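Q: I'm new to this one and would like a close look at a single part rather than a quick tour of everything. Please pick one pocket, walk me through it slowly, and then show me what else to look at in the rest of the chain.

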Amino acid sequence: MTSRHQNAHDTGGTPDSAGPPMRSDAERNRGRIIAAARTVFGRDGLHASMASVAREAGVGIATIFRHFPAKEELVAAVFADRMEAYAQATAEALANPDPWDGFTGYIQEVCAMQAADRGFADMMTMSFPGAQSLEALRAQAYQGFLELIDRAKDSGQLREDFTSRDLVLLLMANAGVLSATGDAAPDAWRRLVAWMIQSFQAPVRGPLPEPPEDAALYEAMHRASHGMNSPATGKQH
């Protein structure tokens, strides 16, 4: 990895955001903001306000917006490393010689990543067209997941009517369970995921309704990310 990438991760940024060197006090503020956002988003999800991040960081809201004019930019900085891990999980699953084990292990891993970070759970059900580095990693993971589906179907263990849209629906459902149960029942998501994995397995036990169209799911994810920036949560568009 080049020094440019290393510096991006040291400050929590991405190569897309590389620019002129910042003063040391500005770098410290940026680091504090990103660390605070990790804490706030991880605890409260992406609908947490930028004012909450400012309070956690001990800086003014104007300082937040000087570094991150749009909330989407802060989200990209905070979750760059997690999206890399998400993409890497696909590669590791494809390296598993057992197609079914690779497929199910990947689903369990991604859902566990959601459970570990409420902000990441939200992010996986949203789209961020302006965060090109995040969306590129999402696309990389998606292509790998298509391969996992093909391998699992070829092995005869994954039902033929499973589609990649079913994973999106599972991630949405898992995010809902995590939000609803919180620390009251922190492992409830595991039962949901186990139920769903069993339902994915061949042989088919009955017909299913048609899955939503890709465009419809994308619109749902876009609306969710737009809601993240609603005035009610104290953020700028």
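A: Let's begin with how the chain meets itself: among contacts between residues at least 6 apart in sequence, 72% join residues at least 24 apart. Keep in mind that this is a predicted model. The protein has eleven helices and zero strands, so if you follow the elements from the N terminus, the pattern reads α-α-α-α-α-α-α-α-α-α-α. Of its 237 residues, 42% count as buried.

Now for the part to look at closely, the second largest pocket. Its volume is about 450 Å³, and 20 residues line it. Lying nearest its centre are Arg138, Tyr142, Val168, Tyr218 and Met221. Which elements give two or more residues to the lining? They are helix H8 (132–154), helix H9 (164–181) and helix H11 (214–228). H8 supplies the largest share, with six residues. As for the chemistry of the lining of this pocket, 14 residues are nonpolar, two are polar and four are charged.

One of the residues nearest the pocket's centre, Arg138, is worth a pause. You'll find Arg138 in helix H8. Is Arg138 buried or exposed? Its relative accessibility is 14%, and because the cut-off for buried is under 20%, Arg138 counts as buried. Setting aside residues up to four places away in sequence, Arg138 touches Met83, Tyr86, Met123, Met124, Met126, Ser127, Phe128 and Met221. Two names there deserve a second look. Met221 is also one of the residues nearest the centre of the pocket. Tyr86 sits 52 residues from Arg138 in sequence, yet their C-alpha atoms are 7.9 Å apart.

Next, a proline in a loop. Pro212 lies between helix H10 (188–200) and H11. Its relative accessible area is 27%, so Pro212 is partly exposed: that value falls between the 20% and 50% cut-offs. Leaving out neighbours within four places in sequence, the contacts of Pro212 are Arg165, Leu169 and Leu217. Arg165 is 47 residues from Pro212 along the chain, with 7.4 Å between the two C-alpha atoms.

The loop between H10 and H11 also holds Pro203. The peptide bond from Ala202 to Pro203 is cis, with omega near 5 degrees. For background, most peptide bonds are trans.

Another proline, Pro186, is found in the loop between H9 and H10. With a relative accessible area of 47%, Pro186 is partly exposed as well. Ala116 is 70 residues from Pro186 in sequence, and their C-alpha atoms are 9.7 Å apart in space.

Finally, have a look at a helix pair. Helix H2 (residues 24–44) packs with helix H5 (residues 71–94), their axes 10 Å apart and at an angle of about 80 degrees. Why are H2 and H5 called roughly perpendicular to each other? Angles from 65 to 115 degrees count as roughly perpendicular, so the angle between H2 and H5 earns that label. On the H2 side, the contact is made by Arg30, Ile33, Ile34, Ala37, Arg38 and Phe41. On the H5 side, the contact is made by Lys71, Leu74, Val75, Ala77, Val78, Phe79, Asp81 and Arg82. By class, the residues of the contact of H2 with H5 come to nine nonpolar, no polar and five charged.

Notes. Residues are numbered from 1 along each chain as its sequence is written. This is a predicted model: local features need pLDDT of at least 70, side-chain atom pairs count only at pLDDT 80 or more; totals for chains, interfaces and linings use all residues. Side-chain values use heavy atoms; hydrogens and water are left out. On a 1 Å grid over the protein atoms alone, a cavity is a set of points where a 1.4 Å probe fits but cannot get out, and a pocket is an open set with protein on both sides within 12 Å along at least five of seven lines; lining residues have an atom within 4 Å of a point. Grid points are joined across faces, edges and corners, and a volume is the space filled by probe spheres set on the points. Helices (H or I, at least four residues) and strands (E, at least two) are DSSP runs, numbered from the N terminus. Ala, Val, Leu, Ile, Met, Phe, Trp, Tyr, Cys and Pro count as nonpolar, Asp, Glu, Lys and Arg as charged, and the others, Gly among them, as polar. Buried means under 20% relative accessible area, exposed over 50%, partly exposed in between (1.4 Å probe, protein chains only). Contact means heavy atoms within 4.5 Å. Axes are lines fitted to C-alpha atoms, for helices over the stretch in contact, and angles run from 0 to 180 degrees between N-to-C directions. Angles under 35 degrees count as roughly parallel, over 145 as roughly antiparallel, 65 to 115 as roughly perpendicular and the rest as oblique.
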